Amino acid sequence: MVKANWKVFEKDYWAINTILEELLDNSNSKSILLLDKTGQLISSVGQKPQFDLYTFASLCAADFEANAQLAKLVGEKDFSTLYHQGSNESMYLSRVEKDIILVILFNKKTTLGLVRLRSRKALEGLGIVIRRLYDKLEYENEEYSESDFDEEFTAEAEFEIDSLFSD
Amino acid sequence: MSLINYSSREINVKIVYYGPGLCGKTTNIQYIYNKVTPETKGKLITLATEMDRTLFFDFLPLELGKVKGFKTRFHLYTVPGQVYYDASRKLILRGVDGIVFVADSQSMRYDANIESLYNLHENLAEYNMKLEDIPFTIQYNKRDLPDTIGVDDLQQELNPRDYPSYEAVAIEGVGVFNTLKSVAKSVLRNLS
(Lines give C-alpha, C1' and ligand atoms only; values in the text may rest on other atoms or scores of the structure.)
Protein backbone atom coordinates (compact mmCIF):
# COMPACT_ATOMS: atom_id res chain seq x y z
CA MET A 1 0.00 0.00 0.00
CA VAL A 2 1.02 3.60 -0.47
CA LYS A 3 3.08 4.92 2.42
CA ALA A 4 1.29 6.75 5.19
CA ASN A 5 1.88 10.51 5.45
CA TRP A 6 2.80 10.68 1.83
CA LYS A 7 4.55 13.97 1.26
CA VAL A 8 6.77 15.43 -1.40
CA PHE A 9 9.44 17.87 -0.26
CA GLU A 10 10.96 20.73 -2.23
CA LYS A 11 14.27 19.03 -3.02
CA ASP A 12 12.69 15.77 -4.12
CA TYR A 13 10.08 17.56 -6.18
CA TRP A 14 12.76 19.35 -8.19
CA ALA A 15 14.81 16.19 -8.53
CA ILE A 16 11.72 14.46 -9.93
CA ASN A 17 10.96 17.33 -12.27
CA THR A 18 14.50 17.42 -13.63
CA ILE A 19 14.24 13.74 -14.57
CA LEU A 20 10.80 14.21 -16.10
CA GLU A 21 11.94 17.24 -18.14
CA GLU A 22 14.94 15.33 -19.43
CA LEU A 23 12.76 12.39 -20.40
CA LEU A 24 10.29 14.70 -22.11
CA ASP A 25 13.09 16.18 -24.12
CA ASN A 26 14.99 13.07 -25.14
CA SER A 27 11.91 10.95 -25.88
CA ASN A 28 10.14 13.67 -27.89
CA SER A 29 7.01 13.13 -25.84
CA LYS A 30 4.15 15.56 -25.40
CA SER A 31 3.48 15.43 -21.67
CA ILE A 32 4.60 13.35 -18.72
CA LEU A 33 2.81 12.79 -15.42
CA LEU A 34 3.92 11.18 -12.21
CA LEU A 35 1.22 9.97 -9.86
CA ASP A 36 0.74 7.59 -7.00
CA LYS A 37 -1.37 4.45 -7.02
CA THR A 38 -4.24 6.19 -5.28
CA GLY A 39 -4.55 8.59 -8.21
CA GLN A 40 -2.88 11.60 -6.61
CA LEU A 41 -0.89 13.66 -9.08
CA ILE A 42 2.68 14.31 -7.94
CA SER A 43 4.01 16.26 -10.89
CA SER A 44 3.54 16.91 -14.58
CA VAL A 45 5.74 18.41 -17.28
CA GLY A 46 5.38 19.27 -20.95
CA GLN A 47 2.49 20.53 -22.97
CA LYS A 48 -0.43 21.28 -20.71
CA PRO A 49 -3.27 18.96 -21.78
CA GLN A 50 -6.74 20.35 -22.48
CA PHE A 51 -8.31 17.96 -19.99
CA ASP A 52 -8.42 18.06 -16.18
CA LEU A 53 -5.11 16.63 -14.97
CA TYR A 54 -6.48 15.40 -11.66
CA THR A 55 -9.28 13.48 -13.31
CA PHE A 56 -6.82 12.05 -15.77
CA ALA A 57 -4.50 10.96 -12.95
CA SER A 58 -7.32 9.21 -11.09
CA LEU A 59 -8.30 7.30 -14.23
CA CYS A 60 -4.67 6.34 -14.96
CA ALA A 61 -4.30 4.94 -11.45
CA ALA A 62 -7.56 3.01 -11.81
CA ASP A 63 -6.42 1.72 -15.19
CA PHE A 64 -3.12 0.54 -13.76
CA GLU A 65 -4.75 -1.08 -10.75
CA ALA A 66 -7.41 -2.84 -12.79
CA ASN A 67 -4.65 -4.25 -15.00
CA ALA A 68 -2.66 -5.34 -11.94
CA GLN A 69 -5.68 -7.38 -10.86
CA LEU A 70 -5.93 -8.87 -14.36
CA ALA A 71 -2.25 -9.77 -14.15
CA LYS A 72 -2.85 -11.66 -10.93
CA LEU A 73 -5.69 -13.58 -12.53
CA VAL A 74 -3.44 -14.77 -15.35
CA GLY A 75 -0.70 -15.70 -12.91
CA GLU A 76 1.58 -12.64 -13.19
CA LYS A 77 2.69 -10.56 -10.23
CA ASP A 78 1.65 -7.45 -12.13
CA PHE A 79 1.98 -5.75 -15.51
CA SER A 80 4.73 -3.26 -14.88
CA THR A 81 4.04 -1.36 -18.11
CA LEU A 82 0.91 -0.62 -20.12
CA TYR A 83 0.63 0.77 -23.62
CA HIS A 84 -2.50 2.36 -25.09
CA GLN A 85 -2.30 3.11 -28.78
CA GLY A 86 -4.53 5.66 -30.47
CA SER A 87 -4.54 6.83 -34.08
CA ASN A 88 -2.90 10.11 -33.03
CA GLU A 89 -2.22 10.09 -29.32
CA SER A 90 -0.76 7.22 -27.32
CA MET A 91 0.08 6.53 -23.69
CA TYR A 92 2.82 4.53 -22.06
CA LEU A 93 2.48 3.79 -18.34
CA SER A 94 5.19 2.29 -16.15
CA ARG A 95 5.43 1.41 -12.51
CA VAL A 96 8.15 3.22 -10.53
CA GLU A 97 8.99 1.40 -7.34
CA LYS A 98 5.89 -0.11 -5.75
CA ASP A 99 3.48 2.76 -5.50
CA ILE A 100 4.23 5.29 -8.20
CA ILE A 101 3.15 5.41 -11.85
CA LEU A 102 4.85 7.24 -14.69
CA VAL A 103 2.56 8.22 -17.57
CA ILE A 104 3.99 9.37 -20.88
CA LEU A 105 1.70 10.93 -23.49
CA PHE A 106 3.10 11.01 -26.99
CA ASN A 107 2.08 11.37 -30.61
CA LYS A 108 3.55 10.61 -34.03
CA LYS A 109 6.56 12.87 -33.46
CA THR A 110 8.18 9.94 -31.69
CA THR A 111 7.96 6.16 -31.53
CA LEU A 112 7.03 3.64 -28.87
CA GLY A 113 10.55 2.21 -29.11
CA LEU A 114 12.19 5.52 -28.28
CA VAL A 115 9.73 6.26 -25.47
CA ARG A 116 10.32 2.84 -23.97
CA LEU A 117 14.12 3.11 -24.31
CA ARG A 118 14.37 6.58 -22.76
CA SER A 119 11.90 5.80 -19.99
CA ARG A 120 14.10 2.95 -18.75
CA LYS A 121 16.85 5.33 -17.65
CA ALA A 122 14.34 7.77 -16.20
CA LEU A 123 12.71 4.99 -14.18
CA GLU A 124 16.06 4.21 -12.56
CA GLY A 125 16.56 7.85 -11.59
CA LEU A 126 13.01 8.22 -10.33
CA GLY A 127 13.39 5.02 -8.33
CA ILE A 128 16.36 6.52 -6.48
CA VAL A 129 14.48 9.73 -5.66
CA ILE A 130 11.35 7.89 -4.55
CA ARG A 131 13.31 5.49 -2.33
CA ARG A 132 15.09 8.46 -0.76
CA LEU A 133 11.73 10.10 -0.18
CA TYR A 134 10.35 6.96 1.47
CA ASP A 135 13.38 6.83 3.77
CA LYS A 136 12.83 10.44 4.67
CA LEU A 137 9.18 9.79 5.49
CA GLU A 138 10.16 6.81 7.58
CA TYR A 139 12.63 8.80 9.67
CA GLU A 140 10.87 12.12 9.46
CA ASN A 141 12.78 14.74 11.43
CA GLU A 142 12.00 18.19 12.69
CA GLU A 143 12.83 19.79 9.39
CA TYR A 144 9.70 18.20 8.00
CA SER A 145 7.45 18.71 10.98
CA GLU A 146 3.77 19.31 10.40
CA SER A 147 3.77 22.77 11.91
CA ASP A 148 1.97 24.06 8.82
CA PHE A 149 -1.10 22.12 9.87
CA ASP A 150 -1.96 23.66 13.20
CA GLU A 151 -5.16 25.02 14.68
CA GLU A 152 -4.98 28.08 12.47
CA PHE A 153 -4.90 25.81 9.42
CA THR A 154 -7.93 23.87 10.68
CA ALA A 155 -9.90 27.04 11.41
CA GLU A 156 -9.11 28.52 8.01
CA ALA A 157 -9.94 25.25 6.25
CA GLU A 158 -13.26 24.94 8.06
CA PHE A 159 -14.19 28.47 7.10
CA GLU A 160 -13.47 27.70 3.43
CA ILE A 161 -15.42 24.45 3.60
CA ASP A 162 -18.44 26.23 5.07
CA SER A 163 -18.42 28.95 2.47
CA LEU A 164 -17.80 26.79 -0.60
CA PHE A 165 -19.76 23.65 0.15
CA SER A 166 -23.30 24.96 0.36
CA ASP A 167 -26.51 25.08 -1.67
CA MET B 1 -3.35 8.71 1.72
CA SER B 2 -3.35 12.42 1.48
CA LEU B 3 -0.58 13.83 -0.64
CA ILE B 4 1.15 16.93 0.66
CA ASN B 5 3.42 18.58 -1.86
CA TYR B 6 5.62 21.10 -0.06
CA SER B 7 7.08 22.42 -3.26
CA SER B 8 3.93 23.20 -5.20
CA ARG B 9 2.17 23.86 -1.84
CA GLU B 10 -0.69 21.47 -2.52
CA ILE B 11 -2.70 19.07 -0.42
CA ASN B 12 -4.84 16.41 -2.06
CA VAL B 13 -7.13 14.21 -0.02
CA LYS B 14 -9.37 11.33 -1.00
CA ILE B 15 -12.92 10.87 0.25
CA VAL B 16 -14.88 7.75 -0.68
CA TYR B 17 -18.67 7.38 -0.66
CA TYR B 18 -19.52 3.80 0.25
CA GLY B 19 -22.83 1.98 0.64
CA PRO B 20 -25.15 -0.64 -0.85
CA GLY B 21 -26.36 -0.59 -4.46
CA LEU B 22 -28.79 2.21 -5.34
CA CYS B 23 -28.43 3.93 -1.96
CA GLY B 24 -27.64 7.29 -3.59
CA LYS B 25 -23.85 7.63 -3.63
CA THR B 26 -23.75 8.90 -7.20
CA THR B 27 -26.75 11.14 -6.49
CA ASN B 28 -24.74 12.82 -3.71
CA ILE B 29 -21.81 13.48 -6.01
CA GLN B 30 -24.03 14.73 -8.83
CA TYR B 31 -25.84 17.13 -6.52
CA ILE B 32 -22.53 18.51 -5.28
CA TYR B 33 -21.29 18.86 -8.85
CA ASN B 34 -24.41 20.78 -9.87
CA LYS B 35 -24.29 23.15 -6.92
CA VAL B 36 -20.66 24.17 -6.41
CA THR B 37 -19.19 27.05 -8.38
CA PRO B 38 -17.34 26.28 -11.64
CA GLU B 39 -14.04 27.47 -10.08
CA THR B 40 -14.42 24.94 -7.29
CA LYS B 41 -15.07 21.83 -9.34
CA GLY B 42 -13.21 19.78 -11.90
CA LYS B 43 -14.69 17.34 -14.36
CA LEU B 44 -17.17 14.78 -13.05
CA ILE B 45 -16.25 11.34 -14.29
CA THR B 46 -18.76 8.52 -14.16
CA LEU B 47 -17.84 5.03 -15.23
CA ALA B 48 -21.34 3.59 -15.44
CA THR B 49 -23.19 0.82 -17.25
CA GLU B 50 -25.94 1.49 -19.78
CA MET B 51 -28.42 1.13 -16.95
CA ASP B 52 -26.76 4.06 -15.15
CA ARG B 53 -25.33 1.83 -12.45
CA THR B 54 -21.80 2.68 -11.35
CA LEU B 55 -19.43 0.18 -12.90
CA PHE B 56 -16.09 1.24 -11.51
CA PHE B 57 -16.39 4.62 -9.81
CA ASP B 58 -17.50 8.24 -10.02
CA PHE B 59 -14.86 10.87 -9.48
CA LEU B 60 -15.20 14.56 -8.71
CA PRO B 61 -12.25 16.81 -7.81
CA LEU B 62 -13.15 19.84 -5.67
CA GLU B 63 -10.77 22.69 -4.98
CA LEU B 64 -11.02 24.52 -1.71
CA GLY B 65 -8.68 27.35 -2.59
CA LYS B 66 -5.62 28.25 -0.55
CA VAL B 67 -5.54 27.39 3.11
CA LYS B 68 -2.48 28.83 4.86
CA GLY B 69 -0.78 28.94 1.49
CA PHE B 70 -1.65 25.36 0.56
CA LYS B 71 -3.95 24.74 -2.38
CA THR B 72 -6.32 22.15 -0.95
CA ARG B 73 -8.20 19.64 -3.08
CA PHE B 74 -10.75 16.99 -2.22
CA HIS B 75 -11.09 14.05 -4.54
CA LEU B 76 -14.52 12.51 -4.13
CA TYR B 77 -15.02 8.92 -5.26
CA THR B 78 -17.99 6.60 -5.13
CA VAL B 79 -17.71 2.83 -5.21
CA PRO B 80 -20.05 0.54 -7.13
CA GLY B 81 -22.59 -0.74 -4.62
CA GLN B 82 -23.54 -4.02 -6.22
CA VAL B 83 -22.23 -7.01 -4.32
CA TYR B 84 -20.31 -8.54 -7.25
CA TYR B 85 -18.14 -5.48 -7.86
CA ASP B 86 -16.08 -6.06 -4.74
CA ALA B 87 -12.73 -5.97 -6.57
CA SER B 88 -13.52 -2.44 -7.80
CA ARG B 89 -14.58 -1.32 -4.33
CA LYS B 90 -11.33 -2.55 -2.86
CA LEU B 91 -9.28 -0.62 -5.42
CA ILE B 92 -11.11 2.63 -4.78
CA LEU B 93 -10.51 2.35 -1.04
CA ARG B 94 -6.77 2.37 -1.53
CA GLY B 95 -5.31 5.45 0.10
CA VAL B 96 -8.64 6.71 1.43
CA ASP B 97 -8.55 9.67 3.87
CA GLY B 98 -12.22 9.88 4.77
CA ILE B 99 -15.33 7.76 4.23
CA VAL B 100 -19.03 8.58 3.89
CA PHE B 101 -21.34 5.62 4.33
CA VAL B 102 -24.62 6.26 2.54
CA ALA B 103 -27.28 4.05 4.09
CA ASP B 104 -30.61 3.39 2.39
CA SER B 105 -33.33 4.07 4.97
CA GLN B 106 -35.94 1.80 3.37
CA SER B 107 -36.78 -1.23 5.49
CA MET B 108 -36.32 -3.59 2.54
CA ARG B 109 -32.67 -2.42 2.28
CA TYR B 110 -31.91 -2.96 5.94
CA ASP B 111 -29.85 -6.11 5.38
CA ALA B 112 -28.09 -4.58 2.37
CA ASN B 113 -26.82 -1.73 4.58
CA ILE B 114 -25.46 -4.13 7.17
CA GLU B 115 -23.83 -6.27 4.51
CA SER B 116 -22.22 -3.26 2.86
CA LEU B 117 -20.87 -1.91 6.15
CA TYR B 118 -19.44 -5.33 6.96
CA ASN B 119 -17.87 -5.40 3.51
CA LEU B 120 -16.31 -1.99 4.17
CA HIS B 121 -14.66 -3.29 7.35
CA GLU B 122 -13.40 -6.34 5.48
CA ASN B 123 -11.95 -4.37 2.59
CA LEU B 124 -10.24 -1.86 4.88
CA ALA B 125 -8.70 -4.74 6.80
CA GLU B 126 -7.05 -5.88 3.58
CA TYR B 127 -5.14 -2.58 3.60
CA ASN B 128 -4.42 -2.98 7.32
CA MET B 129 -6.78 -0.12 8.05
CA LYS B 130 -9.52 0.19 10.65
CA LEU B 131 -12.63 2.28 10.31
CA GLU B 132 -11.99 3.68 13.79
CA ASP B 133 -8.81 5.33 12.51
CA ILE B 134 -10.41 7.06 9.52
CA PRO B 135 -12.70 10.13 9.50
CA PHE B 136 -16.15 8.65 8.97
CA THR B 137 -19.65 10.08 8.50
CA ILE B 138 -22.93 8.23 8.00
CA GLN B 139 -25.77 9.52 5.88
CA TYR B 140 -29.28 8.08 6.26
CA ASN B 141 -30.63 8.68 2.79
CA LYS B 142 -34.09 8.48 1.25
CA ARG B 143 -35.82 9.79 4.36
CA ASP B 144 -38.70 10.99 2.16
CA LEU B 145 -39.73 7.50 1.05
CA PRO B 146 -42.52 5.50 2.68
CA ASP B 147 -41.57 2.47 4.77
CA THR B 148 -38.31 3.83 6.13
CA ILE B 149 -36.71 2.59 9.32
CA GLY B 150 -36.49 5.02 12.23
CA VAL B 151 -33.19 6.83 12.59
CA ASP B 152 -32.76 5.53 16.14
CA ASP B 153 -32.95 1.96 14.89
CA LEU B 154 -30.51 2.69 12.07
CA GLN B 155 -28.15 4.35 14.52
CA GLN B 156 -28.25 1.36 16.81
CA GLU B 157 -27.44 -1.08 14.04
CA LEU B 158 -25.10 0.90 11.82
CA ASN B 159 -23.59 3.49 14.10
CA PRO B 160 -23.01 2.14 17.61
CA ARG B 161 -19.85 4.25 17.90
CA ASP B 162 -21.86 7.39 17.27
CA TYR B 163 -19.96 8.81 14.33
CA PRO B 164 -21.41 12.04 12.87
CA SER B 165 -24.61 11.18 11.02
CA TYR B 166 -27.09 13.09 8.88
CA GLU B 167 -30.57 12.43 7.54
CA ALA B 168 -30.82 13.06 3.83
CA VAL B 169 -32.92 13.16 0.72
CA ALA B 170 -29.97 13.29 -1.64
CA ILE B 171 -32.03 13.65 -4.79
CA GLU B 172 -33.31 16.99 -3.44
CA GLY B 173 -29.99 17.89 -1.88
CA VAL B 174 -31.20 17.59 1.71
CA GLY B 175 -28.28 16.62 3.94
CA VAL B 176 -25.80 16.32 1.07
CA PHE B 177 -23.57 19.28 1.95
CA ASN B 178 -23.83 18.66 5.70
CA THR B 179 -22.46 15.18 5.11
CA LEU B 180 -19.65 16.44 2.88
CA LYS B 181 -18.71 19.23 5.27
CA SER B 182 -18.59 16.84 8.19
CA VAL B 183 -16.21 14.40 6.56
CA ALA B 184 -14.10 17.10 4.87
CA LYS B 185 -13.52 18.89 8.17
CA SER B 186 -12.63 15.66 9.96
CA VAL B 187 -10.10 14.81 7.26
CA LEU B 188 -8.36 18.19 7.49
CA ARG B 189 -8.43 18.08 11.30
CA ASN B 190 -6.69 14.74 10.97
CA LEU B 191 -3.76 16.44 9.21
CA SER B 192 -3.06 18.74 12.12
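Start by selecting A:Ala68, which sits in helix 2 of chain A. Helices (H or I, at least four residues) and strands (E, at least two) are DSSP runs, numbered from the N terminus. This is a predicted model, in which local features need pLDDT of at least 70, side-chain atom pairs count only at pLDDT 80 or more, and totals for chains, interfaces and linings use all residues. Residues are numbered from 1 along each chain as its sequence is written, while chains are lettered from A and ligands numbered from 1 in the order in which they are written.

**Around A:Ala68**

Is A:Ala68 buried, exposed or partly exposed? A:Ala68 is partly exposed, because 18 other C-beta atoms lie within 10 Å. The cut-offs: buried means 20 or more other C-beta atoms within 10 Å of the residue's own, exposed means 12 or fewer, and partly exposed is in between, with C-beta atoms placed from the backbone. Now add A:Asp78 and A:Phe79; A:Ala68 touches both, not counting residues up to four places away in sequence. Contact means C-beta atoms, placed from the backbone, within 7 Å. Next, pick A:Thr81. It is 13 residues from A:Ala68 in sequence and 9.9 Å away in space, C-alpha to C-alpha.

**All of chain A**

Zoom out to chain A. It holds 4 helices and 6 strands. Along the sequence they follow β-α-β-β-α-β-β-β-α-α. The C-alpha atoms fill a box of roughly 50 × 45 × 35 Å, taken along the principal axes. Of the 167 residues in chain A, 35% are buried.

**Where the chains meet**

Show both chains. Here 44 residues of chain A are in contact with 43 residues of chain B. On the chain A side, strand 1 (7–8), helix 1 (10–27), helix 2 (53–73) and helix 4 (151–164) each give two or more residues. Helix 4 of chain A gives the most, with 11 residues. Select strand 1 of chain A with strand 1 (residues 3–5) of chain B: they run parallel, joined by 2 bridges. Strands count as paired if DSSP finds at least two bridges between them. Look for A:Val8, which stands opposite B:Asn5. The predictor gives the complex an ipTM of 0.84 and a pTM of 0.87.

**Into chain B**

Colour chain B by pLDDT, the predictor's confidence in each residue, from 0 to 100. The mean is 92, and 98% of the residues in chain B reach 70 or more.

Select strand 7 (residues 136–141) of chain B. Why is strand 7 of chain B largely enclosed by the rest of the structure? Because 6 of its 6 residues are buried. One side carries B:Phe136, B:Ile138 and B:Tyr140; the other carries B:Thr137, B:Gln139 and B:Asn141. Now add strand 6 (residues 98–104) of chain B, which pairs with strand 7 of chain B in the parallel sense over 6 bridges. One partnership to find there is B:Val100 with B:Thr137.

**The nonpolar core**

A nonpolar core is a set of buried Ala, Val, Leu, Ile, Met, Phe, Trp, Tyr and Cys residues joined through C-beta atoms within 7 Å. The largest one has 95 residues, and A:Leu35, A:Ile101, A:Val103 and B:Val16 touch the most other members. Helix 5 of chain B supplies the largest share, 8 residues. Centre on B:Val16. Beyond its neighbours within four places in sequence, its contacts include B:Tyr77, B:Ile92 and B:Ile99.

Finish on helix 5 (residues 176–191) of chain B, which has 16 residues. Its buried residues include B:Phe177, B:Leu180, B:Lys185 and B:Leu191.

Key. The expected span of a helix is 1.5 Å times one less than its number of residues. Two residues are in contact if their C-beta atoms, placed from the backbone, lie within 7 Å.
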